[in-house]
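Work through the exercises below with the structure open beside you. Try each task before reading its solution.

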Amino acid sequence: MAHYWYFNIPTWLFLFQILQALLVESKPNGKIPAVIVFGDSSVDSGNNNFIPTIARSNFKPYGRDFLGGLPTGRFCNGRLPPDFISEAVGLKPIVPAYLDPSYKISDFAHGVCFASAGTGYDNATSDVLGVIPLWKEVEYYKDYQKKLRAYSGLEKANNIISEALYLVSIGTNDFLENYYSFPYTRQKQFTVRQYEDFLIGIAGNFFEDLYDLGARKISLTGPPPMGCLPLQRATNILEGQACVEDKNNLAREFNVKLKSLVEKLNKKLPGLELVYSDAYDIFLDIITRPSKYGKFFRPGLLNSYYSTMQPNSQPLDD
Ligand SMILES: *[C@@H]1O[C@H](CO)[C@@H](O)[C@H](O)[C@H]1NC(C)=O
């Protein structure tokens with residue numbers, strides 16, 4: 001079980017950045033009709049419960065701070081960033097997983113999550129734990145569009161599709177679970193720079209696909225400081241379980257490439273409002289100066305976060 005803690009991206013991670021992006025991008029009177037989510041464990045609200053994979057989190061202690069203390073399949077103690085964002089724009093307090101049969105198209109019309117923990121841009125990444133590849137998330141989205149048009153009617157459905165806020169958060173697993181893991185298949189094919197460019201190519205095609213399908217307002221979040229994720233630190237024994245600097249540098253480098261992809265796509269595709277939401281800096285700031293975020297840190301949360309990351313770690317400013 002401890003192994004999977006490395007997918008655990010705490011709830012507060014992207015919240016401020018994405019809300020900021022949202023405020024910039026949404027028109028003064030434009031109400032967001034739905035939040036639509038693609039990506040990995042940082043945003044998966046439980047799709048993996050319904051596929052045969054070990055990359056699951058529908059058991060305790062996950063979900064202990066969730067509504068009713070339920071482990072829903074979110075890789076988190078509570079709600080995830082898309083849940084908070086959905087609530088912040090006046091929609092439901094949670095974004096349901098598309099594969100969860102307890103929800104219907106009437107629910108998904110206001111928010112839907114296609115994300116799958118353990119997945120990546122690269123098909124070979126989703127193969128590692130047998131989770132939903134990104135292209136399949138898009139297939140589910142196409143299926144959703146059909147159901148939405150049947151449910152809401154063509155005009156209203158098309159309006160939801162074009163006015164919805166799309167949240168995309170993915171990329172960490174391509175490096176940690178795939179490139180830097182046994183059997184190192186991608187390392188034999190690509191240098192890490194080449195692999196980054198390979199992923200950027202897939203990302204570009206993915207956003208063009210979403211655009212062609214009608215999405216316009218999209219937020220992209222790249223890898224956080226991956227070297228500070230629990231498994232990385234737990235295994236960094238030679239450096240006293242500090243954050244692994246190389247992995248953090250890699251995340252920074254990849255994020256720079258994502259940012260320029262965003263600029264390029266906004267120029268190329270008329271009407272697209274693609275926003276790069278920086279999770280890296282805020283995550284690192286939270287790790288190094290947690291008390292700044294005071295109320296977001298209940299002592300239990302902080303303690304458990306640090307105890308899974310590094311037994312003897314103290315916040316730098318506490
Ligand atoms: C990933 O797999 C899908 C389905 O087989 C395929 O259509 C797609 O081209 C693949 N992507 C890449 C980058 O190889």
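A residue counts as near a molecule if one of its heavy atoms lies within 4 Å of it. Keep in mind throughout that this is a predicted model.

**Exercise 1. The ligand**

Find which residues are around the ligand, then look for polar atoms facing its oxygen atoms.

Solution.
- Step 1. Apply the cut-off of 4 Å. The residues around the ligand are Asn123, Trp135 and Ile202.
- Step 2. Take Asn123. An N or O atom in the side chain of Asn123 is 2.3 Å from an oxygen atom of the ligand.
- Step 3. Take Trp135. Here a polar side-chain atom lies 3.4 Å from an oxygen atom of the ligand.
- Step 4. Consider the cover. On its own the ligand has 360 Å² of accessible area, and the protein covers 37% of that.

**Exercise 2. The sheet**

Work out the strand order of the open sheet and state which strands stand at the edges.

Solution.
- Step 1. Read across the five strands. The order is β2-β1-β3-β4-β5, and the pairing is parallel.
- Step 2. Look at the ends of that order. β2 (111-113) and β5 (273-277) each have a single partner strand, so one side of each lacks a neighbour in the sheet.
- Step 3. Add the twist. From one strand to the next, the twist averages 15°.
- Step 4. Place a helix on the sheet. Helix α5 (residues 134-152) packs there and touches β1 (35-39), β2 and β3. The direction of α5 makes about 155° with that of β1.

**Exercise 3. Strand β4 and its partners**

Trace the bridges of β4 on both pairings, then decide whether its residues are buried or exposed.

Solution.
- Step 1. Start with β3. Strand β3 (residues 165-169) pairs with strand β4 (residues 217-221) in the parallel sense, over five bridges.
- Step 2. Find residue partners. Leu167 has Ser219 of β4 as its bridge partner. Ser169 stands opposite Thr221 in β4.
- Step 3. Turn to β5. β4 and β5 run parallel and are joined by five bridges. Thr221 stands opposite Ser277 in β5.
- Step 4. Check burial. Buried means under 20% relative accessible area. Five of the five residues of β4 are buried.
- Step 5. Sort the side chains by direction. Lys217, Ser219 and Thr221 point one way, while Ile218 and Leu220 point the other way. All of them are buried, the lysine included.

**Exercise 4. Asp122**

Locate Asp122, then list its polar side-chain contacts.

Solution.
- Step 1. Locate the residue. Asp122 lies in the loop between β2 and α4 (123-129).
- Step 2. Test for burial. The relative accessible area of Asp122 is 1%, so the residue is buried.
- Step 3. Find polar partners. The side chains of Asp122 and Arg186 are joined by a polar contact of 2.7 Å. Another polar contact, of 2.8 Å, joins the side chains of Asp122 and Tyr195.
- Step 4. Widen the search, leaving aside neighbours within four places in sequence. Asp122 is in contact with Asp174, Asn178, Arg186, Tyr195, Phe198, Leu199 and Ile202.
- Step 5. Link back to the ligand. Ile202 is also among the residues around the ligand.

**Exercise 5. Backbone geometry in loops**

Locate the cis peptide bonds before Pro61 and Pro183, and the positive phi values of Tyr184 and Gln241.

Solution.
- Step 1. Go to Pro61. The peptide bond from Lys60 to Pro61 is cis, with omega near 10°. Pro61 sits in the loop between β1 and α2 (81-88).
- Step 2. Go to Pro183. The bond from Phe182 to Pro183 is cis, with omega near 5°. The loop here runs between α7 (172-179) and α8 (185-189).
- Step 3. Stay in that loop, which also holds Tyr184. Tyr184 has a positive phi of about 60° although it is not a glycine. Its relative accessible area is 36%, so Tyr184 is partly exposed.
- Step 4. Move to Gln241. Phi of Gln241 is near 60°, again positive in a residue other than glycine. Gln241 lies in the loop between α10 (230-234) and α11 (245-268).

**Exercise 6. The whole chain**

Describe the protein chain by its secondary structure, burial and contacts.

Solution.
- Step 1. Count the elements. The chain has 13 helices and five strands.
- Step 2. Assess burial. Of its 318 residues, 58% count as buried.
- Step 3. Consider contacts with a separation of 6 or more. Residues 24 or more positions apart account for 71% of these.
- Step 4. Finish with the surface. The protein chain exposes about 13700 Å², and carbon and sulfur atoms supply 57% of it.

How values were computed. Residues numbered from 1 in each chain as written. Predicted model: local features only at pLDDT ≥ 70, side-chain atom pairs only at ≥ 80, totals over all residues. Heavy atoms only, no water. Polar contact = N/O pair within 3.5 Å; in protein donor to acceptor, adjacent residues only side chain to side chain. Areas by Shrake-Rupley, 256 points an atom, 1.4 Å probe, with all protein chains shown as cover. Pairing = 2+ DSSP bridges. Helix = DSSP H or I, 4+ residues; strand = E, 2+ residues; numbered from the N terminus. Axes fitted to C-alpha atoms, helices over the stretch in contact; angles between N-to-C directions. Contact = heavy atoms within 4.5 Å. Buried < 20%, exposed > 50% of the residue type's maximum accessible area, 1.4 Å probe, protein only.
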